[in-house]
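The following exercises are to be worked through with the sequence and the structure in view. Each task is followed by a solution in steps.

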Amino acid sequence: MALTGTYVPSSAQWVRDQVAEYEATNGEKAGTLRDTGYPIVVITSVGSSSGNLRKNPVMRVERDGSYLAVASKGGGPDDPAWADNFRKHPEVDLQDKAEKHTYRVRELEGEERADWWQHAVDTWPTYASYQEKTDRLIPLFLLERA
C-alpha cells in the first residue's frame, strides 16, 4: 500500500477496535457493520489538517473493481471528517478482506453520482433513509485503482 506516515487511531473506541480486528484477520473478523451483517472495507486516508494516517470502516459498495465511499454519517447534518481528507488528499489505501490497493478518489456529481447513488441504495437500503434525515446532499466518492 502506498500511504506512509503516522497512524493516529480514531477517537471512537468502536472504530479503533473494528479496524484493528479487521486488519489482524484480513476481514475474517469484524468484516461487517456492527450488528447488520453488511460487509465493510477499511479505508486509510491522510488527515486534511494533521497529515496523519486515519483509518475508517466504510460500507462495501463495489462495482467492476471500483468502490464507493458514501459520506452519510448516518444522515447527520455534516460530512464525516474523512470526506475532507479525501478532498484534500485524493489518494487512499483500501483493504477489502485480504486485498489491499491504492486508489484515486474523486467526488461524484450529476448523472454519474445518480447512477452510483442508486447502486449504493441497492447495496445497502439504509442509505435512502439517511438522505431523508438530512438537508445536505450526501457526498459520494469514487475510488478507482491507482
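**Exercise 1. Charges over rings**

Over the face of which residue does K55 lie, and at what distance from the ring centre?

Solution. The model is a predicted one.
Step 1. K55 lies over the face of Y7.
Step 2. The distance from K55 to the ring centre of Y7 is 4.6 Å.
Step 3. An arginine offers a further case: the charged end of R34 sits over the ring of W14, 3.9 Å from the ring's centre.

**Exercise 2. The faces of a helix**

Determine where the buried residues of α1 fall when the helix is seen down its axis.

Solution.
Step 1. Locate the helix: α1 covers residues 13-25, 13 residues in total. From first C-alpha to last, α1 reaches 18 Å, close to the 18 Å expected at 1.5 Å a residue.
Step 2. List the buried residues of α1, which are V15, Q18, V19 and Y22.
Step 3. Look down the axis: the buried residues of α1 fall within an arc of 95 degrees, so they line one face of the helix.
Step 4. Identify the cover. The elements that cover these buried residues include β1 (40-46), β2 (53-59) and β5 (91-96).
Step 5. Continue past the helix: N26 follows α1 and has a positive phi, near 50 degrees.

**Exercise 3. The nonpolar cores**

Establish which residues touch the most other members of the largest nonpolar core, and which elements supply this core.

Solution.
Step 1. The largest nonpolar core has 21 residues, and M59, L68, V70, W117, Y127 and L140 touch the most other members.
Step 2. At least two residues of this core come from each of α1, β1, β4 (66-70), α3 (110-123), α4 (126-133) and β7 (140-145).
Step 3. The element that gives the most to this core is α3, with 4 residues.
Step 4. Examine W117: with residues up to four places away in sequence not counted, W117 touches V70, Y127, A128, Q131, I138 and L140.
Step 5. Another core, of 15 residues, lies apart from the largest one, and its members include A71, A83, V105 and F141.

**Exercise 4. Aromatic pairs**

Describe how the rings of F86 and F141 are arranged, and which parts of the chain this pair ties together.

Solution.
Step 1. Two values are needed, since a pair of aromatic rings is described by the distance of the centres and the angle of the planes.
Step 2. The count of aromatic pairs comes to 9. In the pair of F86 and F141, the centres are 5.3 Å apart and the planes stand at 85 degrees, an edge-to-face arrangement.
Step 3. F86 belongs to helix α2 (residues 81-88) and F141 to strand β7, so the pair ties together parts that are 55 residues apart in sequence. F86 and F141 are both buried.
Step 4. Y127 and Y130 also form an edge-to-face pair, 6.3 Å centre to centre with 75 degrees between the planes. Both Y127 and Y130 lie in helix α4, 3 residues apart, about one turn of the helix. Y127 and Y130 are both buried.
Step 5. One aromatic cluster is formed by Y38, W117, W124, Y127 and Y130.

**Exercise 5. Buried or exposed?**

Classify N85, L53, A30 and D64 by relative accessible area.

Solution.
Step 1. The cut-offs are under 20% for buried and over 50% for exposed, with partly exposed in between.
Step 2. N85 lies in helix α2 and has a relative accessible area of 7%, so N85 is buried. Beyond residues up to four places away in sequence, N85 touches S45, V46, G47, S48 and R54.
Step 3. L53 lies in strand β2 and, at 8% relative accessibility, counts as buried. Leaving aside neighbours within four places in sequence, the contacts of L53 include L3, T4, G5, T6, Y7 and V8. The C-alpha atoms of L53 and W117 are separated by 27 Å.
Step 4. A30 is in the loop between α1 and β1; at 23%, A30 is partly exposed. Its phi is positive, near 60 degrees, although A30 is not a glycine.
Step 5. D64 is found in the loop between β3 (62-63) and β4, and its 76% relative accessibility makes D64 exposed. D64, not a glycine, has a positive phi of about 55 degrees.

Notes
Residues numbered from 1 in each chain as written. Predicted model: local features only at pLDDT ≥ 70, side-chain atom pairs only at ≥ 80, totals over all residues. Heavy atoms only, no water. Expected span 1.5 Å × (residues − 1). Buried < 20%, exposed > 50% of the residue type's maximum accessible area, 1.4 Å probe, protein only. Arc of directions from axis to C-beta. Contact = heavy atoms within 4.5 Å. Core = buried A, V, L, I, M, F, W, Y, C linked by side-chain atoms within 4.5 Å. Phe/Tyr/Trp six-rings, centres within 6.5 Å; stacked < 30°, edge-to-face > 60°. Lys NZ or Arg CZ within 6 Å of the ring centre and 35° of its normal.
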